[in-house]
Amino acid sequence: MIQIQCGPLDDQEIVEINVDTTKTVGLFLSGGIDSTVLLSCMCKDIITQGKQPKDVIKYIFNIPKHDGAELYPPNLIQLVRDKYDIELPDITRVRIPKLHQRYHGEKVWQSILYTLDEYDVDHTYLGDQRSNPDLEGTLPVRSQKIEGPMPGILFFPFNHTKKSHIIDIMFQLGIERIANLSHSCTETITGRCSKCYHCRERAWAFNTMAKIDTGNG
C-alpha cells in the first residue's frame, strides 16, 4: 500500500492505493489528468510490492467520445512507462455504437457495465473524484460515495478528493508532464473552451495549488 498526503494546507486528504496483485486488474483511462495520475499511483504501488505492472494491469480501457478522449491515452501510457521503466498494455477501446456523447453520465456507466461483462477483470479502477460545488454551472455526474458503486469490483481511490488533490499528487510524483499530454475539455477535441466545468475545474485546481498549467487541453 502507498499513502500520499495531498492538497492545500487547509484541505488535506490522504490517498491510499492498495492494488491486489493476485487479481486481474483493469483501469479506465479517459485521456485526462486524474486517471493518468491514478495509473501512476497504481504502478508505484505494484512495484513497491515487488511485482511488475504488466503482470497485474491487464487492461487499460478507454471510451471514445465526442471530446476526442481516444486521442490522448497512448502518449499518457508511454509517459508512465518511461517514468517507471515498465511495461503496460496498450489501450483497449470500449466502443458501443451511438452510445458515446458526454464525458460523464449514464452512457459512460453503460459502457463500464458492458466492459465488466465482456472482459475477464477482477478489479476495475476509475479516477473520478468529487465535484467542486464552489464552481458555478452544471456539475458532472460522479459517484458520491467514498467506496463507489459495486464495492469489491469497481475502485475509486480518488473519490474523497477534489481536483486540487490530484494536481498535488501529480507534482509529488514528478509526472507533471501529464499536463502537456492530457485533455480535460469536454467541448473540444483539442485545446480548451475555458467555459465547460472540466476546463474551469482544472484551472481552479492549478490555482489552488499555486502551480502553472503548462498544457493547453
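Alanine 210 is exposed in this predicted model, with a relative accessible area of 69%, a value that places the residue in the exposed class because the cut-off for that class lies over 50%. The residue is found in the segment after H6, and its phi is near 55 degrees, a positive value in a residue other than glycine. A second residue with a positive phi is serine 194, which is likewise not a glycine and for which the angle is about 65 degrees. Serine 194 is found in the loop between H5 and H6, and at 47% relative accessibility serine 194 counts as partly exposed, because that class covers the values between 20% and 50%.

Helix H6 itself comprises residues 197-208, and its 12 residues should span 16 Å at 1.5 Å a residue, which agrees with the 16 Å that separate its end C-alpha atoms. The buried residues of this helix are Tyr197, His198, Cys199, Glu201, Arg202, Ala205 and Phe206, and they pack against H1, against helix H4 (163-172) and against helix H5 (178-181).

With regard to the overall architecture, the chain has 6 helices and 7 strands, and from the N terminus on its elements run β-β-β-α-β-α-β-α-β-β-α-α-α. An open sheet is formed by 5 strands in the order E5-E4-E3-E6-E7, with parallel pairing. Strand E5 and strand E7 (154-155) stand at the edges of this sheet, and each has a single partner strand, so that one side of each is left without a neighbour in the sheet.

Within the sheet, strand E3 (residues 25-28) pairs with strand E4 (residues 57-62) in the parallel sense over 4 bridges, and phenylalanine 28 stands opposite phenylalanine 61 in E4. Between these two strands the chain passes through helix H1 (residues 33-48), and the resulting β-α-β crossover from E3 to E4 is right-handed. Strand E3 is also joined to strand E6 (residues 123-125) by 3 bridges, the two strands running parallel; here the bridge partner of leucine 27 is tyrosine 125 in E6. Strand E4, in turn, runs parallel to strand E5 (residues 91-93), to which it is joined by 3 bridges, and in this pairing asparagine 62 stands opposite arginine 93 in E5. Together with helix H2 (residues 73-84), strands E4 and E5 make a right-handed β-α-β unit.

At the level of the whole chain, 53% of the 217 residues count as buried, and the exposed surface amounts to about 10100 Å², of which carbon and sulfur atoms supply 48%. Among the contacts with a separation of 6 or more, 71% are accounted for by residues that lie 24 or more positions apart.

The confidence of the prediction was considered last. The pLDDT of the chain averages 89, and 88% of the residues score at least 70. Over residues 100-104, by contrast, pLDDT stays under 50, although the model has 25 contacts beyond four places in sequence for this stretch. Where pLDDT is low, the predicted coordinates should not be read in detail.

Definitions and conventions. Residues are numbered from 1 along each chain as its sequence is written. This is a predicted model: local features need pLDDT of at least 70, side-chain atom pairs count only at pLDDT 80 or more; totals for chains, interfaces and linings use all residues. Side-chain values use heavy atoms; hydrogens and water are left out. Two strands pair if DSSP finds at least two bridges between them. A crossover is right-handed if, with the strands pointing away from the viewer, the path from the first strand over the helix to the second runs clockwise. Buried means under 20% relative accessible area, exposed over 50%, partly exposed in between (1.4 Å probe, protein chains only). Contact means heavy atoms within 4.5 Å. Accessible areas come from the Shrake-Rupley method with a 1.4 Å probe; for residues, only the protein chains shown count as cover. The expected span of a helix is 1.5 Å times one less than its number of residues. pLDDT is the predictor's confidence in each residue, from 0 to 100.
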